[in-house]
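Biologist: Before we discuss any labels, please show me the model. I should then like to ask how each label is justified.

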Amino acid sequence: MTASHILLLVGGYFLLLLLISYFTGKNDSNTDFFKAGKQSPWYLVAFGMIGASLSGVTFISVPGWVADSQFSYMQVVMGYVVGYFVVAYVLLPVYYKWNLTSIYEYLNRRFGTVSHKVGAVSFFISRVLGAAFRLFLVAIVLQQFVFDAWNVPFELTVTLSIILIWVYTFRGGIKTIVWTDTLQTLFMILSVILSIHFILKGLDWSLGDFIASNEFKQYNKTFFFEDFFARNHFVKSFLGGMFITICMTGLDQDMMQKNLTCRNLKDAKKNMITFSISLGVVTFIFMLLGALLFIYAAKFQIGIPLMDGSPKTDLLFPEIALNGDLGILVGATFMLGLIAAAYSSADSALTSLTTSFCVDFLSIESKPEKDQKRLRKRTHVWMSLLLILVVIAFKYVLDRNVIDGLLTVATYTYGPLLGLFAFGIFTKYDIKDRYSWLVAVVVVGLIIGIANMPSAWLGGYTVGYELLPINGMLTFIGLYLIRK
């Protein structure tokens, strides 16, 4: 598949998104931008959230991770499913009870202004880094397989990508996102199923042959109970996954903003439960694809692509889809799926960052009504510029598999949110609000110190994603110490 073909596909895809944006953004009000008028069908939100949760990171990075981790990521996904039930039955009732626009307004009403700002800053850092991780992944693929052929610099690739997202979200906001997410999820799932079909055909296998093959057995180990000190032990992965979900979905304005567009709490709960089960199934399909990719690469002697001189397993899927012998249909469906997956999370991240900054930092609802829309649009532009700068920076500092990097960052940045919300919901204490920022800073510093300790200092124990609940627990203890 040539660079010109890919560019035409990307152009056609964005024209379709712009068409959706035209119809959903006609109102252009702040109410529709932030809450979609609270009229979104729950099943539409549930289906669309699959694409937003998986994103380009799952689409490329999870299959690329199989060689190193086998199917151990499914241990994390099992924790995800339990975490979604906690979100549905503990957090959503709180948000609907208070009729929130930004979920961090809860912290203001429960504790005070400083805690509100601590929660909003934690989300802001988390979502900027998370969105940048996802955009970085699609940008490096477009760069390597399209724009390098035309000597277009990486910085321009990133800028164009985010400008396109801004164009179709600046009017409709979350109302547009609910509909574009649905379309993007459909494209992404269709792409991965077609990719599996054509790779199996290239190997002259049926799905049953693949599952029964000795080659598959090299990659399909799912449960790791042998060494509790290892990072991928089941208990650590499961608990880490559960708390990652509670934080990265339940305490995340990006994901919760979609849920808060449902008509009522009952619909929001149905959406969350349906979404959790569907997400587990779809992620398993991605793991199957990952094993297939490495089997196919070994059989046809396809090397791991290099980026800046180093092997990058994240690029194996695009290498096989775009430069392999599977035909132009595989390349086209891959690119369609990748673009859909990457932009379904990036566009909602941009919208949620705009919402949070307007509500939590600028207190937009207290401004004169004639200024509110102008302020929102200006903020949307600044959030776009911020994402451009962070994605470009990642090219020079990121040295690990993207899904691993994303989850590692979450253990640092979502801990204060976990501790604040848990203390607010499960205790009746008030706190000395002016000290809550100090608790958050001290705890994050401790967590960074623990994460970087040599395993020898811990008796050979390797720290993993369990750092997130530890972070939340230490924040909870710190808040208890500053209680009134």
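**Reasons behind the labels**

Modeller: Let us begin with Y435, which is partly exposed, its relative accessible area being 34%. Please keep in mind that this is a predicted model.

Biologist: Why is Y435 called partly exposed?

Modeller: Buried means under 20% relative accessible area and exposed means over 50%. Y435 has 34%, so the value falls in between and the residue is partly exposed. Y435 is found in the loop between α18 (415-426) and α19 (436-451). Together with W437, L438, V441, V442 and L446, Y435 makes a nonpolar surface patch of about 560 Å².

Biologist: What makes N471 count as buried?

Modeller: The relative accessibility of N471 is 0%. The limit for buried is under 20%, and therefore N471 counts as buried. N471 sits in helix α20 (residues 467-481). Apart from neighbours within four places in sequence, the contacts of N471 are T411, Y412, G415, P416, V443 and I447.

Biologist: How do you know that R110 and D430 meet in a salt bridge?

Modeller: The rule asks for a side-chain nitrogen of Lys or Arg within 4 Å of a carboxyl oxygen of Asp or Glu. For R110 and D430 the N to O distance is 3.4 Å, so the pair satisfies the rule. R110 belongs to helix α5 (residues 105-110) and D430 to the loop between α18 and α19, so the pair ties together parts that are 320 residues apart in sequence.

Biologist: Which of these two residues is buried, and which is partly exposed?

Modeller: R110 has a relative accessible area of 17% and is buried, as this is under 20%. D430 has 40% relative accessibility and counts as partly exposed.

Biologist: What makes D252 and R127 a salt bridge?

Modeller: The closest N and O atoms of D252 and R127 are 2.7 Å apart, and the rule requires a distance within 4 Å. This pair links distant parts of the chain, with D252 in the loop between α11 (234-250) and α12 and R127 in helix α6 (residues 113-145), 125 residues apart. D252, at 0% relative accessibility, counts as buried, and R127 is buried at 3%.

Biologist: Why does the pair D267 and K270 count as a salt bridge?

Modeller: The closest N and O atoms of D267 and K270 are 3.5 Å apart; the limit is within 4 Å, so the pair qualifies. Both residues lie in helix α13, three residues apart, about one turn of the helix. By this rule the count comes to five salt bridges.

Technical notes
Residues are numbered from 1 along each chain as its sequence is written. This is a predicted model: local features need pLDDT of at least 70, side-chain atom pairs count only at pLDDT 80 or more; totals for chains, interfaces and linings use all residues. Side-chain values use heavy atoms; hydrogens and water are left out. Patches are made of residues with over 30% relative accessible area and no salt bridge: like charges are joined within 9 Å, nonpolar side chains (Val, Leu, Ile, Met, Phe, Trp, Tyr) within 5 Å. Accessible areas come from the Shrake-Rupley method with a 1.4 Å probe; for residues, only the protein chains shown count as cover. Helices (H or I, at least four residues) and strands (E, at least two) are DSSP runs, numbered from the N terminus. Buried means under 20% relative accessible area, exposed over 50%, partly exposed in between (1.4 Å probe, protein chains only). Contact means heavy atoms within 4.5 Å.
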